[in-house]
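Trainee: I have a new structure open and would like to go through it. Can you help me find my way around?

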Amino acid sequence: MSKIQEVKAKVEAGKSKLVPGLVQEALDEGSSPAEILQAMVDSMGIVGDKFSSGEIFVPEMLIAAKAMSKGVEVLKPLMAGDGSTSLGTCIIGTVAGDLHDIGKNLVSMMIESAGFDMVDLGVDVPADTFVQAVKDNANVKLVACSGLLTTTMPALKEAVQTIKAAYPDLKVIVGGAPVTPEYAAEIGADGYAPDAGSAAVKAKELATA
């Protein structure tokens with residue numbers, strides 16, 4: 001088993017104490033930071049699929065995400081100098097009236113690992129705050145809005161439409177348990193992701209489109 005495969009396996013298993021050491025060993029063996037990062041993203045993709053199919057639950061997914069973030073910490077200084085790795089800034093937040101942050105934090109971690117600089121606005125974020133955040137940060141390529149309650153779907157719609165009214169060309173991605181691809185299209189979002197793994201893939205697609 002190569003070191004990269006070990007990293008992959010340990011991220012999937014959520015061994016956050018072992019991952020940083022293995023990442024370092026993979027680097028010492030000559031693997032590039034980008035290759036290692038890709039392996040961890042793939043690993044989280046598998047975790048995301050298992051989560052979607054009900055094989056594992058939120059705690060296991062969070063443990064794997066934590067293991068990955070520990071690995072990313074080792075890679076970050078090496079990747080910071082490589083301007084090509086940053087895909088721009090992504091603003092993320094849970095919409096007004098909604099206090100859920102586990103899903104959002106997971107998505108934030110995944111999008112960050114895909115190569116974005118994240119600005120996390122937290123929970124219960126009014127539509128105008130998203131717009132202000134776009135104004136306050138440089139190179140914003142994407143806004144991710146999360147809504148986990150059926151009752152906050154109107155707030156999600158308001159957030160997307162307010163952002164789009166202010167910045168028609170800015171890409172907006174939405175997600176959360178009650179959100180469907182149809183609803184995302186109906187409210188004018190550019191993308192929809194059913195889970196954190198696919199959010200990272202979609203974010204990359206939208207930013208580089």
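Mentor: We will take the annotated domain, then the salt bridges, then one residue in a strand. Keep in mind that this is a predicted model.

Trainee: Fine. Where does UniProt put the B12-binding domain?

Mentor: The unreviewed UniProt entry places the feature "domain: B12-binding" at residues 87–209. The C-alpha atoms at the two ends of that span lie 11 Å apart.

Trainee: And how much of residues 87–209 is helix, and how much is strand?

Mentor: Helix makes up 45% of the span and strand 20%.

Trainee: Now salt bridges. How many are there in the whole structure?

Mentor: A search of the whole structure finds six. One of them pairs Lys104 with Asp120, with the closest N and O atoms 2.9 Å apart.

Trainee: What does the pair Lys104 and Asp120 tie together?

Mentor: Lys104 is in helix H5 (residues 102–113) and Asp120 is in strand S2 (residues 117–120), so the pair links parts that are 16 residues apart in sequence.

Trainee: Is Lys104 buried or exposed?

Mentor: Lys104 counts as buried, at 3% relative accessibility. Its partner Asp120 is partly exposed, with a relative accessible area of 38%.

Trainee: What about Lys202, which residue does it pair with?

Mentor: Lys202 forms a salt bridge with Glu205, and their closest N and O atoms are 3.3 Å apart. Both residues lie in helix H9 (residues 196–208), three residues apart, about one turn of the helix. Lys202 is partly exposed at 24% relative accessible area, and Glu205 is partly exposed at 44%.

Trainee: Which residues do salt bridges with shared partners join into one network?

Mentor: Lys3, Glu6 and Glu25. Within that group, Glu6 bridges to Lys3, the closest N and O atoms being 3.3 Å apart.

Trainee: How far apart are Glu6 and Lys3 along helix H1?

Mentor: About one helical turn, because they are three residues apart in helix H1 (residues 3–13). Lys3 is buried, with a relative accessible area of 18%; the limit for buried is under 20%.

Trainee: Changing topic: where is Thr89?

Mentor: Thr89 lies in strand S1 (residues 89–94). At 8% relative accessibility, Thr89 counts as buried.

Trainee: Which backbone oxygen lies 2.9 Å from a polar atom of the Thr89 side chain?

Mentor: That of Ala138. Ala138 is also among the residues in contact with Thr89 once neighbours within four places in sequence are left aside; others on that list include Phe116, Val119, Asn137 and Leu142.

Note on methods. Residues are numbered from 1 along each chain as its sequence is written. This is a predicted model: local features need pLDDT of at least 70, side-chain atom pairs count only at pLDDT 80 or more; totals for chains, interfaces and linings use all residues. Side-chain values use heavy atoms; hydrogens and water are left out. UniProt positions are given in the numbering used here, feature names are shortened, and annotations may be inferred rather than shown by experiment. Helices (H or I, at least four residues) and strands (E, at least two) are DSSP runs, numbered from the N terminus. A salt bridge is a side-chain nitrogen of Lys or Arg within 4 Å of a carboxyl oxygen of Asp or Glu. Buried means under 20% relative accessible area, exposed over 50%, partly exposed in between (1.4 Å probe, protein chains only). A polar contact is a pair of N or O atoms within 3.5 Å; within protein, one must be able to donate a hydrogen and the other to accept it, and residues adjacent in sequence count only if both atoms are side-chain atoms. Contact means heavy atoms within 4.5 Å.
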